[in-house]
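Reader: I should like to study a protein chain with you, step by step. Could you show me its sequence and structure before I put my questions?

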Amino acid sequence: MSDAFKTIGLIGKPHHAGANQTLLSLYQFLQAKGLTVYIEQRVADSIDLPDAQILDLVELGKKCDLAIVVGGDGNMLGAARVLARFDIAVLGVNRGNLGFLTDLAPESFEQPLNEVLAGNFVTENRNLLEITVHRHGIVKSSNSAVNEAVLHADKVAHMIEFEAYINDEFVFSQRSDGLIISTPTGSTAYSLSGGGPILTPDLDAVSLVPMFPHTLSSRPLVVSGSSEIRLKVASTNDAHLQISCDSHVILAVMPGDDIYIRKHPTPLRLVHPPGYSYFHVLRNKLGWGSKLY
């Protein structure tokens, strides 16, 4: 019987046969241990478990001690934006490609999951971003991001103009394709492709990475995670701008808008099996060289 977690929520990758099979195996494994198990509503219909208890993602976050997300990093990001609001631990089973945030292999999850259920695990608190779009002093839209918030045009290779302020202090103005504001978690995602630095997850920091700036002097900037970042969009831009949150949620931006990016008040609580190493993940996923001696 588990000591660390009593109530488990299972979250999947909708309409994915491999993920559904893993969810079914997890459900049977956890039920055999006498644990209370809930299935997330979006995937319950595709799994043949007529007696399963079904909850939507918000209710699952409220009721469960541990959420197990089966899928790729995209599924983890979508679940994390909701689950970070609740006091719940989150663990990933990789049914995607890279799997930076999903530790367990679907074909061999039993032994490491047993360790986690027994209380033998590594905990990481991953900061999220909270993004709000203000127009004439009124909040028009808001959302959160685990990886990054990106200001950009809706067309490829389209120059935009904006100013950046940190804690109300002017930092720079820029003409570029946009700006990536990244958490340490997101520093190995889109920000990395844009030439941004890798930030270890324990850092309370945020990076600002310009996208194809029209200058020779622009460089990525790393600031305190507690900073309030404000992007003021120039009124000379056209009306087709947006903020992308983890490439999943789109917030419309108009010329003259102010975009505020702050640290989300509650972090995501990730749990990893014993022996987890962030640098091992980097070597494994990004192809860094192994030891020479």
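Reader: What percentage of the residues of the chain count as buried?

Author: Please note that this is a predicted model. A residue is called buried here if its relative accessible area is under 20%. Of the 293 residues in the chain, the share that meets this condition is 51%.

Reader: Why does the radius of gyration of the chain agree with that of a compact globule?

Author: For 293 residues, the rule for a compact globule gives a radius of gyration near 19 Å. The chain agrees with this because its own value is 20 Å.

Reader: Among contacts between residues at least 6 apart in sequence, what percentage join residues at least 24 apart?

Author: A contact requires heavy atoms within 4.5 Å. Of the contacts between residues at least 6 apart in the chain, the share joining residues at least 24 apart is 66%.

Reader: How many helices and strands are there in the chain?

Author: Both kinds of element occur in this chain. The count is seven helices and 19 strands.

Reader: Why is strand β2 largely enclosed by the rest of the structure?

Author: Strand β2 covers residues 36–40, which makes five residues to consider. It is largely enclosed because the number of these that are buried is four.

Reader: Which residue in β2 stands opposite leucine 10?

Author: Strand β1, residues 7–11, pairs with β2 in the parallel sense over four bridges. Opposite leucine 10 stands a residue of β2, namely isoleucine 39.

Methods
Residues are numbered from 1 along each chain as its sequence is written. This is a predicted model: local features need pLDDT of at least 70, side-chain atom pairs count only at pLDDT 80 or more; totals for chains, interfaces and linings use all residues. Side-chain values use heavy atoms; hydrogens and water are left out. Helices (H or I, at least four residues) and strands (E, at least two) are DSSP runs, numbered from the N terminus. The radius of gyration is taken over C-alpha atoms; the globule rule is 2.2 Å times the number of residues to the power 0.38. Buried means under 20% relative accessible area, exposed over 50%, partly exposed in between (1.4 Å probe, protein chains only). Two strands pair if DSSP finds at least two bridges between them.
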